[in-house]
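Trainee: I've got the sequence and the structure open side by side. Could you walk me through them?

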Amino acid sequence: MTDIPVMANPNTLSDRAAMGLPDSYVTRTGPWPLRDHRDLLSVPAETLVAVAEDPELSFARRYAAGTCLGLVGDPRIRPDDPPMADVPASRVRLGLQEDGVGRVTARWRHAGVIEDWIAKECPEYEAELPAFRIALHPVTNAEFRRFLEDTGSTELPTSWRFGVYPDGLGNHPVWTVSPEAADAYAAWLADRTGRAFRLPTEAEWEYAAAGPEGREFPWGEAFEPEHANTVESGPLATTPIGVYPKGRSPFGVYDMAGNVEEYTADDYLPYPGGSTVTDDLAVTRGSYRIARGGSFTRFGDLARTRRRHGWYARDIYAMGFRLAETP
(Lines give C-alpha, C1' and ligand atoms only; values in the text may rest on other atoms or scores of the structure.)
Protein backbone atom coordinates (compact mmCIF):
# COMPACT_ATOMS: atom_id res chain seq x y z
CA MET A 1 0.00 0.00 0.00
CA THR A 2 1.25 3.50 -0.83
CA ASP A 3 1.55 5.74 2.21
CA ILE A 4 -0.65 8.85 2.17
CA PRO A 5 1.50 12.01 2.48
CA VAL A 6 1.08 13.75 5.82
CA MET A 7 0.61 17.51 5.73
CA ALA A 8 2.27 19.81 8.21
CA ASN A 9 0.07 21.91 10.48
CA PRO A 10 -1.81 23.97 7.84
CA ASN A 11 -1.44 27.09 9.97
CA THR A 12 2.30 26.97 9.28
CA LEU A 13 1.84 26.78 5.49
CA SER A 14 0.88 29.19 2.74
CA ASP A 15 -2.80 29.19 1.81
CA ARG A 16 -2.22 27.18 -1.37
CA ALA A 17 -0.01 24.65 0.40
CA ALA A 18 -2.62 24.29 3.18
CA MET A 19 -5.17 23.50 0.47
CA GLY A 20 -2.87 20.88 -1.01
CA LEU A 21 -2.45 22.88 -4.22
CA PRO A 22 0.76 23.23 -6.25
CA ASP A 23 2.34 26.61 -6.97
CA SER A 24 1.34 26.25 -10.63
CA TYR A 25 -2.13 26.96 -12.00
CA VAL A 26 -4.84 24.40 -11.26
CA THR A 27 -8.59 24.34 -11.79
CA ARG A 28 -11.45 21.86 -11.54
CA THR A 29 -13.97 23.56 -13.77
CA GLY A 30 -13.90 24.60 -17.39
CA PRO A 31 -13.86 28.27 -18.36
CA TRP A 32 -17.51 28.21 -19.49
CA PRO A 33 -19.77 26.39 -16.98
CA LEU A 34 -22.88 26.87 -19.16
CA ARG A 35 -21.38 25.82 -22.49
CA ASP A 36 -22.67 22.24 -22.30
CA HIS A 37 -25.92 23.21 -20.55
CA ARG A 38 -27.24 26.03 -22.71
CA ASP A 39 -30.75 24.59 -22.58
CA LEU A 40 -30.92 25.80 -18.98
CA LEU A 41 -30.78 29.39 -20.14
CA SER A 42 -34.36 29.21 -21.37
CA VAL A 43 -36.12 27.46 -18.48
CA PRO A 44 -38.02 29.08 -15.58
CA ALA A 45 -36.26 29.75 -12.30
CA GLU A 46 -38.37 27.14 -10.48
CA THR A 47 -37.15 24.50 -12.95
CA LEU A 48 -33.57 25.61 -12.39
CA VAL A 49 -34.04 25.09 -8.64
CA ALA A 50 -35.28 21.55 -9.26
CA VAL A 51 -32.22 20.83 -11.43
CA ALA A 52 -29.80 22.36 -8.92
CA GLU A 53 -31.19 20.20 -6.11
CA ASP A 54 -31.59 16.93 -8.04
CA PRO A 55 -29.23 14.35 -6.51
CA GLU A 56 -29.47 12.15 -9.60
CA LEU A 57 -27.91 14.76 -11.89
CA SER A 58 -24.21 15.42 -12.34
CA PHE A 59 -22.48 18.12 -10.34
CA ALA A 60 -21.70 19.97 -13.58
CA ARG A 61 -25.40 20.25 -14.42
CA ARG A 62 -26.44 21.20 -10.90
CA TYR A 63 -23.70 23.82 -10.81
CA ALA A 64 -24.80 25.16 -14.21
CA ALA A 65 -28.38 25.49 -12.96
CA GLY A 66 -27.18 27.30 -9.85
CA THR A 67 -25.07 29.60 -12.02
CA CYS A 68 -28.11 30.46 -14.12
CA LEU A 69 -30.05 31.23 -10.94
CA GLY A 70 -27.26 33.57 -9.91
CA LEU A 71 -27.81 35.49 -13.12
CA VAL A 72 -31.63 35.55 -13.36
CA GLY A 73 -32.57 35.59 -9.66
CA ASP A 74 -32.89 32.69 -7.24
CA PRO A 75 -36.41 32.24 -5.77
CA ARG A 76 -34.96 30.41 -2.77
CA ILE A 77 -33.50 33.73 -1.59
CA ARG A 78 -36.21 35.47 0.42
CA PRO A 79 -34.40 38.03 2.59
CA ASP A 80 -37.33 38.80 4.89
CA ASP A 81 -38.61 35.22 5.03
CA PRO A 82 -35.69 32.82 4.64
CA PRO A 83 -36.66 29.16 4.19
CA MET A 84 -36.28 27.41 7.55
CA ALA A 85 -36.34 23.87 8.91
CA ASP A 86 -38.16 23.11 12.15
CA VAL A 87 -36.14 21.22 14.75
CA PRO A 88 -38.23 19.83 17.61
CA ALA A 89 -37.29 20.08 21.26
CA SER A 90 -35.18 17.18 22.41
CA ARG A 91 -32.65 15.92 24.92
CA VAL A 92 -29.59 15.41 22.75
CA ARG A 93 -26.16 13.86 23.01
CA LEU A 94 -23.38 16.00 21.56
CA GLY A 95 -19.60 16.03 21.41
CA LEU A 96 -17.10 13.20 21.10
CA GLN A 97 -16.17 10.39 23.45
CA GLU A 98 -12.57 10.81 24.59
CA ASP A 99 -11.52 7.45 23.20
CA GLY A 100 -12.42 8.75 19.73
CA VAL A 101 -9.76 11.47 19.62
CA GLY A 102 -7.00 9.17 18.40
CA ARG A 103 -9.21 7.60 15.74
CA VAL A 104 -10.29 10.93 14.29
CA THR A 105 -6.79 12.39 14.42
CA ALA A 106 -5.34 9.38 12.61
CA ARG A 107 -8.09 9.47 9.96
CA TRP A 108 -7.28 13.09 9.11
CA ARG A 109 -3.55 13.21 9.82
CA HIS A 110 -2.91 13.60 6.08
CA ALA A 111 -4.68 16.99 6.32
CA GLY A 112 -2.41 18.16 9.14
CA VAL A 113 -4.91 17.52 11.94
CA ILE A 114 -3.44 17.35 15.43
CA GLU A 115 -4.97 15.91 18.60
CA ASP A 116 -5.57 19.26 20.32
CA TRP A 117 -8.03 20.27 17.61
CA ILE A 118 -10.08 17.13 18.09
CA ALA A 119 -9.77 17.12 21.89
CA LYS A 120 -11.90 20.29 21.92
CA GLU A 121 -14.85 18.07 20.94
CA CYS A 122 -14.64 16.15 24.24
CA PRO A 123 -16.26 15.00 26.36
CA GLU A 124 -19.55 13.75 25.04
CA TYR A 125 -22.37 15.43 26.96
CA GLU A 126 -26.15 15.74 27.04
CA ALA A 127 -28.17 18.92 26.61
CA GLU A 128 -31.81 19.93 26.58
CA LEU A 129 -32.61 21.86 23.42
CA PRO A 130 -35.90 23.73 23.11
CA ALA A 131 -37.54 23.71 19.69
CA PHE A 132 -35.87 26.02 17.20
CA ARG A 133 -35.73 26.75 13.50
CA ILE A 134 -32.63 26.86 11.34
CA ALA A 135 -32.17 28.31 7.87
CA LEU A 136 -32.03 25.84 5.00
CA HIS A 137 -29.15 27.82 3.50
CA PRO A 138 -26.32 30.06 4.69
CA VAL A 139 -26.83 33.79 4.25
CA THR A 140 -26.01 34.77 0.69
CA ASN A 141 -24.26 37.67 -0.98
CA ALA A 142 -27.62 39.03 -2.17
CA GLU A 143 -29.05 39.03 1.35
CA PHE A 144 -25.96 40.61 2.89
CA ARG A 145 -26.00 43.29 0.20
CA ARG A 146 -29.51 44.25 1.25
CA PHE A 147 -28.33 44.53 4.86
CA LEU A 148 -25.49 46.84 3.83
CA GLU A 149 -27.77 49.00 1.69
CA ASP A 150 -30.35 49.33 4.46
CA THR A 151 -27.97 50.01 7.35
CA GLY A 152 -25.03 51.78 5.72
CA SER A 153 -22.72 49.39 7.58
CA THR A 154 -19.07 49.44 6.52
CA GLU A 155 -18.66 45.71 7.30
CA LEU A 156 -17.79 44.82 3.70
CA PRO A 157 -16.96 41.14 3.13
CA THR A 158 -13.29 40.74 2.31
CA SER A 159 -14.30 38.27 -0.40
CA TRP A 160 -15.89 41.17 -2.28
CA ARG A 161 -12.79 42.44 -4.07
CA PHE A 162 -12.34 46.15 -3.33
CA GLY A 163 -15.65 45.91 -1.45
CA VAL A 164 -17.57 45.65 -4.73
CA TYR A 165 -20.60 43.35 -4.90
CA PRO A 166 -19.80 40.18 -6.93
CA ASP A 167 -22.33 40.24 -9.78
CA GLY A 168 -23.68 36.82 -10.68
CA LEU A 169 -22.86 35.37 -7.28
CA GLY A 170 -25.92 36.57 -5.41
CA ASN A 171 -26.91 33.00 -4.52
CA HIS A 172 -23.47 32.07 -3.17
CA PRO A 173 -22.83 32.25 0.59
CA VAL A 174 -21.34 35.52 1.75
CA TRP A 175 -17.76 35.33 3.09
CA THR A 176 -15.58 36.46 4.83
CA VAL A 177 -17.37 38.54 7.44
CA SER A 178 -16.69 39.08 11.12
CA PRO A 179 -18.79 37.42 13.83
CA GLU A 180 -19.93 40.89 14.87
CA ALA A 181 -21.23 41.52 11.36
CA ALA A 182 -23.10 38.21 11.46
CA ASP A 183 -24.66 39.21 14.79
CA ALA A 184 -25.58 42.61 13.36
CA TYR A 185 -27.25 41.01 10.34
CA ALA A 186 -29.39 38.76 12.54
CA ALA A 187 -30.36 41.69 14.80
CA TRP A 188 -31.21 43.84 11.77
CA LEU A 189 -33.44 41.16 10.25
CA ALA A 190 -35.13 40.49 13.59
CA ASP A 191 -35.91 44.19 13.98
CA ARG A 192 -37.06 44.45 10.37
CA THR A 193 -39.41 41.47 10.51
CA GLY A 194 -40.41 41.28 14.16
CA ARG A 195 -39.19 37.68 14.25
CA ALA A 196 -36.64 36.22 16.67
CA PHE A 197 -33.79 35.71 14.22
CA ARG A 198 -30.32 35.08 15.66
CA LEU A 199 -27.29 32.90 15.13
CA PRO A 200 -27.66 29.27 16.23
CA THR A 201 -26.00 28.20 19.43
CA GLU A 202 -23.16 25.77 18.98
CA ALA A 203 -25.32 22.94 20.36
CA GLU A 204 -28.20 23.81 18.02
CA TRP A 205 -25.88 23.89 15.03
CA GLU A 206 -24.38 20.48 15.81
CA TYR A 207 -27.76 18.86 16.39
CA ALA A 208 -29.21 20.36 13.19
CA ALA A 209 -26.23 18.95 11.27
CA ALA A 210 -25.88 15.56 12.96
CA GLY A 211 -29.50 14.77 13.78
CA PRO A 212 -30.79 12.40 16.46
CA GLU A 213 -28.34 9.70 15.32
CA GLY A 214 -25.34 11.95 15.97
CA ARG A 215 -23.90 11.45 12.51
CA GLU A 216 -20.22 12.07 11.78
CA PHE A 217 -21.22 14.04 8.68
CA PRO A 218 -24.63 15.47 7.81
CA TRP A 219 -25.26 12.55 5.42
CA GLY A 220 -23.80 9.67 7.43
CA GLU A 221 -20.68 8.18 8.99
CA ALA A 222 -18.22 8.16 6.07
CA PHE A 223 -16.77 11.17 4.32
CA GLU A 224 -18.07 11.42 0.75
CA PRO A 225 -16.15 14.02 -1.31
CA GLU A 226 -19.02 14.42 -3.77
CA HIS A 227 -21.48 15.34 -1.03
CA ALA A 228 -19.90 18.66 -0.01
CA ASN A 229 -17.90 21.57 -1.40
CA THR A 230 -14.55 20.88 0.25
CA VAL A 231 -11.04 21.03 -1.15
CA GLU A 232 -11.00 17.30 -1.93
CA SER A 233 -13.11 17.56 -5.09
CA GLY A 234 -14.93 20.89 -5.04
CA PRO A 235 -14.40 23.69 -7.58
CA LEU A 236 -12.03 25.62 -5.25
CA ALA A 237 -14.58 28.42 -4.94
CA THR A 238 -17.95 28.93 -3.30
CA THR A 239 -20.90 27.29 -5.01
CA PRO A 240 -24.56 28.32 -5.30
CA ILE A 241 -26.65 27.28 -2.31
CA GLY A 242 -28.14 23.82 -2.39
CA VAL A 243 -26.19 22.23 -5.27
CA TYR A 244 -24.96 19.40 -3.01
CA PRO A 245 -28.31 17.73 -2.28
CA LYS A 246 -26.76 14.46 -1.08
CA GLY A 247 -25.09 16.45 1.67
CA ARG A 248 -28.32 17.54 3.36
CA SER A 249 -28.60 17.04 7.09
CA PRO A 250 -31.28 14.81 8.68
CA PHE A 251 -33.49 17.90 8.97
CA GLY A 252 -33.11 18.70 5.26
CA VAL A 253 -30.63 21.55 5.73
CA TYR A 254 -28.15 22.28 2.93
CA ASP A 255 -24.43 23.13 3.02
CA MET A 256 -23.76 22.31 6.66
CA ALA A 257 -20.60 20.63 5.40
CA GLY A 258 -18.35 22.64 3.11
CA ASN A 259 -18.93 25.78 1.04
CA VAL A 260 -18.26 28.28 3.87
CA GLU A 261 -17.65 27.94 7.59
CA GLU A 262 -20.50 29.17 9.76
CA TYR A 263 -20.30 31.20 12.93
CA THR A 264 -22.37 30.15 15.91
CA ALA A 265 -23.52 32.37 18.74
CA ASP A 266 -20.96 30.99 21.19
CA ASP A 267 -17.34 31.78 22.01
CA TYR A 268 -15.10 28.82 22.70
CA LEU A 269 -15.45 27.23 26.13
CA PRO A 270 -14.75 23.64 27.15
CA TYR A 271 -17.76 21.34 27.22
CA PRO A 272 -19.24 20.40 30.61
CA GLY A 273 -16.69 18.28 32.44
CA GLY A 274 -13.99 19.06 29.88
CA SER A 275 -10.71 20.93 30.01
CA THR A 276 -9.68 24.09 28.17
CA VAL A 277 -7.60 23.31 25.09
CA THR A 278 -5.04 26.01 24.36
CA ASP A 279 -4.43 25.31 20.69
CA ASP A 280 -3.07 27.73 18.10
CA LEU A 281 -6.45 29.45 17.74
CA ALA A 282 -6.50 30.22 21.45
CA VAL A 283 -2.86 31.34 21.43
CA THR A 284 -3.25 33.70 18.48
CA ARG A 285 -6.84 34.89 18.93
CA GLY A 286 -7.46 34.62 22.66
CA SER A 287 -11.23 34.43 22.95
CA TYR A 288 -12.80 33.43 19.66
CA ARG A 289 -16.19 32.66 18.18
CA ILE A 290 -16.85 29.01 17.36
CA ALA A 291 -17.45 28.25 13.70
CA ARG A 292 -18.67 24.99 12.22
CA GLY A 293 -19.01 23.10 8.97
CA GLY A 294 -15.80 23.50 6.95
CA SER A 295 -15.46 25.27 3.62
CA PHE A 296 -14.36 25.10 0.00
CA THR A 297 -10.81 25.93 1.11
CA ARG A 298 -10.46 23.15 3.70
CA PHE A 299 -10.32 19.38 3.87
CA GLY A 300 -13.16 17.16 5.00
CA ASP A 301 -12.04 17.05 8.63
CA LEU A 302 -13.67 20.46 9.12
CA ALA A 303 -16.89 19.15 7.57
CA ARG A 304 -17.40 16.78 10.50
CA THR A 305 -20.48 17.70 12.51
CA ARG A 306 -18.57 17.74 15.83
CA ARG A 307 -15.59 19.80 14.65
CA ARG A 308 -15.06 23.07 16.55
CA HIS A 309 -13.17 25.77 14.74
CA GLY A 310 -12.72 29.54 14.54
CA TRP A 311 -11.42 32.41 12.45
CA TYR A 312 -7.89 33.45 11.67
CA ALA A 313 -7.53 36.59 9.57
CA ARG A 314 -6.38 34.65 6.50
CA ASP A 315 -8.03 34.22 3.11
CA ILE A 316 -8.18 30.45 3.58
CA TYR A 317 -10.65 30.98 6.42
CA ALA A 318 -13.91 31.38 4.49
CA MET A 319 -16.24 32.53 7.25
CA GLY A 320 -19.97 32.83 6.71
CA PHE A 321 -23.09 32.19 8.79
CA ARG A 322 -26.67 31.00 8.75
CA LEU A 323 -29.66 32.08 10.78
CA ALA A 324 -31.62 30.38 13.51
CA GLU A 325 -34.97 31.47 14.89
CA THR A 326 -36.72 31.04 18.21
CA PRO A 327 -40.32 29.96 17.43
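Trainee: Let's start with a pairing. In β7, which residue is the bridge partner of D267?

Mentor: This is a predicted model, so keep that in mind as we go. Strands β6 (residues 261-267) and β7 run antiparallel and are joined by three bridges. Looking across from D267 to β7, the bridge partner is R289.

Trainee: And which residues point one way from β7, and which the other way?

Mentor: In a regular strand the side chains alternate between the two faces of the sheet. Strand β7 covers residues 289-292, and its residues listed here are all buried. I290 and R292 take one direction, and pointing the other way are R289 and A291.

Trainee: What is the order of the strands in the open sheet of three?

Mentor: Start from β6, which pairs with β7 in the antiparallel sense. It is also joined to β8 by three bridges, this time running parallel, and one pair there is Y263 with F321. So β7 and β8 (319-321) sit at the edges with a single partner strand each, and one side of each has no neighbour in the sheet. The pairing is mixed, and the order is β7-β6-β8.

Trainee: By how many degrees are neighbouring strands of that sheet turned against each other on average?

Mentor: Take the three-stranded sheet with the order β7-β6-β8. Ignoring direction, the average turn between its neighbouring strands is 55°.

Trainee: On to the other sheet: which strands stand at the edges of the open sheet of four?

Mentor: The order is β1-β4-β9-β5, with antiparallel pairing. In the middle, β4 (residues 132-135) pairs with β9 over two bridges, and I134 stands opposite A324. The edge strands each have a single partner, so one side of each is left without a neighbour in the sheet; they are β1 and β5.

Trainee: Which helix packs on that sheet?

Mentor: The sheet with the order β1-β4-β9-β5 is the one to look at. The helix touches β1, β4, β5 and β9, and its direction makes about 70° with that of β4. It spans residues 202-210 and is α8.

Trainee: Now the charges. How many salt bridges does a search of the whole structure find?

Mentor: Side chains of opposite charge can pair when their charged atoms come close. One of the pairs is R61 with D39, where the closest N and O atoms are 2.6 Å apart. Searching the whole structure, the count is 31.

Trainee: How many residues apart are R61 and D39?

Mentor: R61 belongs to helix α3 (residues 59-72), while D39 is in the loop between α1 (15-18) and α2 (45-52). D39 counts as partly exposed, at 41% relative accessibility. The pair links distant parts of the chain, with a separation of 22 residues.

Trainee: D80 forms a salt bridge too; with which residue?

Mentor: The closest N and O atoms of this pair are 2.7 Å apart. D80 lies in the loop between α3 and β1 (84-87) and its partner in helix α7 (residues 179-193), so parts 112 residues apart in sequence are tied together. D80 has a relative accessible area of 27%, and the partner, at 35%, is also a partly exposed residue. That partner is R192.

Trainee: R195 and E325 meet in a salt bridge as well. Is E325 buried or exposed?

Mentor: The N to O distance in this pair is 2.9 Å. R195 is in the loop between α7 and β5 (197-198) and E325 in strand β9 (residues 324-325), so the pair ties together parts that are 130 residues apart in sequence. R195 is partly exposed at 23% relative accessibility. E325 is at 6%, and under 20% means buried.

Trainee: Which residues are linked with those two in a network of salt bridges?

Mentor: R195 and E325 pair directly. The network that holds them also includes R78, D81, D86 and R133.

Trainee: Last one: what is the radius of gyration of the protein?

Mentor: The protein has nine helices and nine strands, and buried residues make up 55% of its 327 residues. With that number of residues, a compact globule would have a value near 20 Å. The protein agrees with this, at 19 Å.

Conventions. Residues numbered from 1 in each chain as written. Predicted model: local features only at pLDDT ≥ 70, side-chain atom pairs only at ≥ 80, totals over all residues. Heavy atoms only, no water. Buried < 20%, exposed > 50% of the residue type's maximum accessible area, 1.4 Å probe, protein only. Pairing = 2+ DSSP bridges. Salt bridge = Lys/Arg side-chain N within 4 Å of Asp/Glu carboxyl O. Axes fitted to C-alpha atoms, helices over the stretch in contact; angles between N-to-C directions. Rg over C-alpha atoms; globule rule 2.2 N^0.38 Å. Contact = heavy atoms within 4.5 Å.
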